[in-house]
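Reader: I'd like to learn how to read the packing and the open space in a model like this one. Can we start with a single side chain and work outwards?

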Amino acid sequence: ESTDLRMLAEALGGPEWVLAKRDGEFWLRGDPLEEFNDPRSVRNVADLYVSSLSGAAMLILQSGKRLSIVGVDRVCEEAGRRDVYLSAKGMMSLSGTANLSVAKADGTIEQSRPADPVVRAAASARSDDSIHKVLRLCNEQEPEWVDLCRIIEVIQDAGMPPQVSKKALERLDRCANHPEVAGDQARHGVSSQTPPPERKRMTIREAREFVRGVVRAWLAEVVG
């Protein structure tokens, strides 16, 4: 069983979306799916939500693989509602994560789950095109230079968090643009610019970690 899916199921308990285990598999149920009768339309709507959910999980839970839809099914015993079967294949099981319960001054208990920020981000993506695009672009295990720059461009247009270093952004841009640094994955096939000196170059691994950090900071600002 995927730990990622289990944690998402704990956080996705409604009212709009519910992720539950049935017959050993995880199924997603959502009110937006009930507007359609044909499986293709149901799958298309589910794909939009699941791509955001998966991208947020890869960022926040550091999932190793994308969440994917395997099939659509109508559950007759539950008033004919449509469920979407989600695949856990290849997803990385995490350790060291736990729910946190906090006793507030008024005596109530507030529970915080590891996947709560994932669910909040995916929910925000339904009404914010910038969040949806960033999460969709993040829904790759190993994004390339062009993907990373597109993510940064979307965030810059929406409003870059002030704590993000401008020098680091310039460094990323220069490395992504130059084929001597980024190779065949560079944004430009030929560059007339001088490549960054060795000590200021980013590896693709460093670039991915930097951009993911930028996205996390941005999501914390716009989603909370």
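Author: Sure. Keep in mind that this is a predicted model. Take Val215: leaving out residues up to four places away in sequence, Val215 touches Leu59, Val134, Cys138, Ile151 and Ile155.

Reader: What is the general idea behind contacts like those?

Author: In soluble globular proteins, nonpolar side chains tend to be buried together. Here, the largest nonpolar core has 57 residues, and Phe210 and Val215 are the ones that touch the most other members.

Reader: Which helix gives the most residues to this core?

Author: Helix 2, with nine residues.

Reader: How do I read the length of helix 2, and what comes just after it?

Author: Compare its span with the expected one. Helix 2 has 22 residues and runs 30 Å from first C-alpha to last, close to the 32 Å expected at 1.5 Å a residue. Just after helix 2, Gln62 has a positive phi of about 55°.

Reader: And how do I look for empty space?

Author: Rolling a probe the size of a water molecule over the atoms shows where empty space is left. In this model, the largest pocket holds about 320 Å³. Its lining is made up of 18 residues, with Met58, Ser63, Gln141, Glu209 and Arg212 nearest the centre. Helix 2 (39–60), helix 5 (145–158) and helix 8 (204–222) each give two or more residues to that lining.

Reader: Which helix has the largest share of the lining, and what classes of residue make up the lining?

Author: Helix 8 has the largest share, five residues. By class, the lining has eight nonpolar, six charged and four polar residues.

Notes:
Residues are numbered from 1 along each chain as its sequence is written. This is a predicted model: local features need pLDDT of at least 70, side-chain atom pairs count only at pLDDT 80 or more; totals for chains, interfaces and linings use all residues. Side-chain values use heavy atoms; hydrogens and water are left out. On a 1 Å grid over the protein atoms alone, a cavity is a set of points where a 1.4 Å probe fits but cannot get out, and a pocket is an open set with protein on both sides within 12 Å along at least five of seven lines; lining residues have an atom within 4 Å of a point. Grid points are joined across faces, edges and corners, and a volume is the space filled by probe spheres set on the points. Helices (H or I, at least four residues) and strands (E, at least two) are DSSP runs, numbered from the N terminus. Ala, Val, Leu, Ile, Met, Phe, Trp, Tyr, Cys and Pro count as nonpolar, Asp, Glu, Lys and Arg as charged, and the others, Gly among them, as polar. The expected span of a helix is 1.5 Å times one less than its number of residues. A nonpolar core is a set of buried Ala, Val, Leu, Ile, Met, Phe, Trp, Tyr and Cys residues joined through side-chain atoms within 4.5 Å. Buried means under 20% relative accessible area, exposed over 50%, partly exposed in between (1.4 Å probe, protein chains only). Contact means heavy atoms within 4.5 Å.
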